[in-house]
Amino acid sequence: MSSYLDFEKPLAEIEGKARELRAMAQQTEGMDIESEAAALDSKASAMLKDLYKSLTPWRKCQVARHPNRPHCKDYIDALFNEYTPLSGDRNFAEDQAVLGGLARFEDRPVVVIGHEKGNDTKSRIERNFGMARPEGYRKAIRLMDLADRFRLPVITLVDTPGAYPGKGAEERGQSEAIARSTEKCLQIGVPMVSVVIGEGGSGGAVAFATANRVAMLEHSVYSVITPEGCASILWKDSEKMREAAEAMRLTAQDLKELGVIDRIVPEPLGGAHRNRATAFDGVRQEILAMLTEMDGQTPADLVKDRRGKFLNMGSKGLAA
């Protein structure tokens, strides 16, 4: 592991010591330290299990933002075959924060759309840290129209802190583009499933996640604003993000209870970044299950189901 979160620092020390012992043994012939390293491994495993058995909402936010967490491109590479990216909104530009195109999922032709944050400094700047501009949402609309025309299921992968709030984006109609994308989600007569793989931030996430079925990874978050933004508005102090995260009910577990999402995808112990293959397989299984649920439904049934889902949202209330 190259990156540890703040609350994982004790774990980092133990795993670091185990690595140091093994490195020393490789450099010193005849040195046997495997028993000591194995003891450290066992201690680290127990500590990891203890840390992750009851994460607070704020710690879940940290895990959802982990720099090594798999992003949209990683899931596309792992889960889809014959991926053909489609670019541009046919109006202004190509938005690198939004990936989308034609692909095959389990040998079934689909359209896949998602936010991409990037995985290093260069790609994160290029991808605008996953914050889409209006042209990104208009590209998504174009792809959803294409899916509707050719009767292809739509799969969206949500991972964004929110839509980009810059001056240029506002001048080009950011709020209108988000609203049109959300409207298009409600109109298409094909199965639509969405998975929140990291952060689901505000309207920038809803524009891709107004689907028949919505799933979240176990340690993902989905909310109207970031905890820091909420704290800045309510308490004029962004350092109160922990209290904000508690109050916002942004975890997958809370949102499942409230009826906002349909499924929770289990993550490997320590988060999706610790065992990507297991995380990919879990998402694969849930997407397949959600699509199977809608097999045989007519376009009218799919639209009615989707619109009813969102009209009824909130009916369970906000019981503490």
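**A tour from the whole fold to strand β5**

With 320 residues, a compact globule would be expected to have a radius of gyration near 20 Å, and the protein agrees with this because its own value is 21 Å (taken over C-alpha atoms, with the globule rule being 2.2 Å times the number of residues to the power 0.38). This is a predicted model, in which local features need pLDDT of at least 70 and side-chain atom pairs count only at pLDDT 80 or more, while totals for chains, interfaces and linings use all residues. Residues are numbered from 1 along each chain as its sequence is written, and side-chain values use heavy atoms, with hydrogens and water left out.

Begin with the whole chain in cartoon view, where the protein shows 14 helices and 8 strands (DSSP runs, H or I of at least four residues for helices and E of at least two for strands, numbered from the N terminus). Along the principal axes, the C-alpha atoms fill a box of roughly 70 × 50 × 40 Å. Buried residues, meaning those under 20% relative accessible area with a 1.4 Å probe and protein chains only, make up 49% of the 320 residues.

Next, select residues 192–201, which form strand β5, where 10 of its 10 residues are buried.

Then add residues 154–160, strand β4, which pairs with β5 in the parallel sense over 6 bridges (two strands pair if DSSP finds at least two bridges between them). Here T160 stands opposite G200 in β5.

Finally, select residues 213–217, strand β6, which pairs with β5, again in the parallel sense, over 4 bridges; S194 has V214 in β6 as its bridge partner.

How values were computed
Buried means under 20% relative accessible area, exposed over 50%, partly exposed in between (1.4 Å probe, protein chains only).
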